[in-house]
Amino acid sequence: MKVAVLGAGVTGVTTAYYLAKRGFDVTVYDRQPLPAEETTFANGGQISVSQPFPWSTPDLPMKLLKWIGRKDAPLVFKLQADPKMWAWSLRFLSNARPSAFYKNSEKILKLALHSKSCLDDLVQTEGMEFDRQQLGILKLFTGMKEAKQTAELANWLNENGVEQRLLTRAEVIEMEPALENSNSSFSGGTYSPIDESGDAHKFAVKLEAAARKLGVIFEYNSAVEGFKNSASSVQSILVNGKSHNFDKYVLCTGSYSEKLTSKLNIKLPVYPVKGYSVSLPIEGDNKAPLISITDETNHVVISRLGNTLRAAGTAEINGYSTEPNVDRENMVLDAVMALFPGVGDPEKATRWCGLRPMSADSVPIIGSTKLDNFYLNTGHGPLGWTLSCGSAQLLAAHIDGDTTKLDISAYNVDRF
Ligand SMILES: Cc1cc2nc3c(=O)[nH]c(=O)nc-3n(C[C@H](O)[C@H](O)[C@H](O)COP(=O)(O)OP(=O)(O)OC[C@H]3O[C@@H](n4cnc5c(N)ncnc54)[C@H](O)[C@@H]3O)c2cc1C
């Protein structure tokens, strides 16, 4: 059976791999010349099972009011005359209700746990190297209010089977001595042993090579422009002006997914949320952390990827623009330099930004659609690396008509 996978980011490459493992005859199309050149390219590197919490937190509406006009706000809405942006934003905010917040967190957590076990199996099978650090994640907080909120989430995680320990500042530094010289005023932290980090771009490139060995064909510089379809199925895709026929089609085009589903009259509440990363060559080796860090106060995540320290963060809802904003890049750079002074020369940092494909309820959209041979694997927002293997394994099993480890209907687009 011939399957076309649209998109070769971490979601598309993992989808192609798991489909090929099941014997499907897979071709992947991507408009870029190489795999993982868009959002997967330079993300924060965290595989953070312990962070299944949607960004539409119950206190987000109040926070947004406080952040109005602040250039350094961690999340900014730059509302434009785009009805899709308004509709998505209202839906996103409506998911801040506590009941929705915990229901969505539970769905993401189940997928993250499944994904972690799929990643472990995959690495054992393929033996890939991608600067993996299986040392957990330390989350740092500042002040009583953040401590209380962190403790509430830690309780929820522990009740749901994910160990997360609360630590004092001294205990945090004991665990990660590179924080000893920190200029940050963090007052404590949490430690989640299940978490890890690694280079998503390296992983996708290596998995692409493994998928080729299984017979997957990758067609690059190949922009998917549209479809030929009936009311019940897709007949072909149009790529660089030419038509290609397959039995089944899987959409993994990240932030650009809605641009393609709208051609098929499938409503998909996925919108881009821009974020920034800086990659700093490590000079003071003993000053660089080994454990991945989440700086909760500045909303920045930090991962050691070989001889590079990657820091990523901030969120900007500003349409599809990938124009960099130097102030927001500097927010990320300043946060990492404050935590790890002397780790490297900030002038040598490589700056990058990408668009997180965010669904309105922060839960990925995986599964069938109203067109019987057209499937979705998209909307992974800030957790696409963490959730990639599990999402792809789940969808491949579903397409194959096999029993799925999780109830895939929880991730279906019909929920909107
Ligand atoms: C600053 C930042 C930090 C992040 N940190 C983390 C983290 O620490 N941990 C984590 O788990 N996640 C993180 N993420 C999120 C994660 O990077 C994304 O969720 C993930 O990369 C999405 O993968 P994807 O394959 O769905 O999208 P992409 O990587 O964007 O891939 C989509 C592909 O589709 C292709 N495409 C699009 N349209 C077309 C078309 N019409 N025709 C052909 N090809 C097309 C693109 O070229 C692209 O290659 C972060 C994101 C950002 C921006």
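## Exercises on a predicted fold

Strand E18 (residues 350-359) is mostly covered, with 7 of its 10 residues buried. Buried means 20 or more other C-beta atoms within 10 Å of the residue's own, exposed means 12 or fewer, and partly exposed lies in between; C-beta atoms are placed from the backbone. Helices (H or I, at least four residues) and strands (E, at least two) are DSSP runs, numbered from the N terminus.

The model is predicted: local features need pLDDT of at least 70, side-chain atom pairs count only at pLDDT 80 or more, and totals for chains, interfaces and linings use all residues. Residues are numbered from 1 along each chain as its sequence is written.

### Exercise 1: partner of E18

Find the strand that 10 bridges join to E18, and give its direction.

Solution. Two strands pair if DSSP finds at least two bridges between them. Strand E14 (residues 270-281) is joined to E18 by 10 bridges, and the two run antiparallel. For a checkpoint, take Pro 272: it stands opposite Pro 357 in E18.

### Exercise 2: overall dimensions

Judge whether the protein is as compact as a globular protein of its length.

Solution. Start with the inventory: 10 helices and 20 strands. The radius of gyration is 21 Å, close to the 22 Å that the globule rule gives for 416 residues, so the protein is as compact as a globular protein of that length. The radius is taken over C-alpha atoms, and the rule is 2.2 Å times the number of residues to the power 0.38. Next, the extents: the C-alpha trace spans about 60 × 45 × 40 Å along its principal axes. Buried residues make up 47% of the 416. Last, the contacts. Two residues are in contact if their C-beta atoms, placed from the backbone, lie within 7 Å. Of the contacts with a separation of 6 or more, 78% come from residues 24 or more positions apart.

### Exercise 3: the mixed sheet

Trace the strand order of the open sheet of 6 strands, then place H1 against the sheet.

Solution. The order is E9-E2-E1-E13-E20-E19, with mixed pairing. Strand E9 (217-219) and strand E19 (365-368) are the edges, each pairing on one side only. Neighbouring strands are turned by 20 degrees against each other on average, direction ignored. Axes here are lines fitted to C-alpha atoms, for helices over the stretch in contact, and angles run from 0 to 180 degrees between N-to-C directions. H1 packs on this sheet and touches E1, strand E2 (25-29), E13 and E20; its direction makes about 170 degrees with that of E2.

Now the pairings. Strand E1 (residues 2-6) and strand E13 (residues 248-251) are parallel over 4 bridges. The partner of Leu 6 in E13 is Leu 251. E13 and strand E20 (residues 374-378) are parallel over 3 bridges. Leu 251 has Leu 376 as its bridge partner in E20, and Val 250 stands opposite Tyr 375 there.

### Exercise 4: a helix pair

Describe how H1 and H10 cross.

Solution. Two packed helices are described by the angle between their axes and the distance between the axes. The axes of helix H1 (residues 10-21) and helix H10 (residues 384-399) come within 8 Å and cross at roughly 35 degrees. The crossing is right-handed: the near helix is turned clockwise from the far one by less than a right angle. Among the residues that meet are Val 10, Thr 14 and Tyr 18 in H1, with Trp 385, Ala 392 and Ile 399 among those in H10.

### Exercise 5: the antiparallel sheet and its loop

Work through the sheet E10-E11-E12, then examine Asn 240 in the loop between E11 and E12.

Solution. This is an open sheet of 3 strands with antiparallel pairing. Strand E10 (224-229) and strand E12 (242-245) stand at the edges with a single partner each, so one side of each is left without a neighbour in the sheet. Strand E11 (residues 234-239) is joined to E12 by 4 bridges. Ser 236 has Asn 245 as its bridge partner in E12.

Then the backbone. Most residues other than glycine have a negative phi. Asn 240 has a positive phi, near 45 degrees. It counts as partly exposed, with 13 C-beta neighbours inside 10 Å.

### Exercise 6: two helices

Compute the expected span of H4 and state how H2 is covered.

Solution. The expected span is 1.5 Å times one less than the number of residues. Helix H4 (residues 98-126) has 29 residues and reaches 41 Å from first C-alpha to last, close to the expected 42 Å. Gly 127 follows H4, with a positive phi near 60 degrees. In helix H2 (residues 60-67), 0 of the 8 residues are buried, so H2 lies largely in the open.
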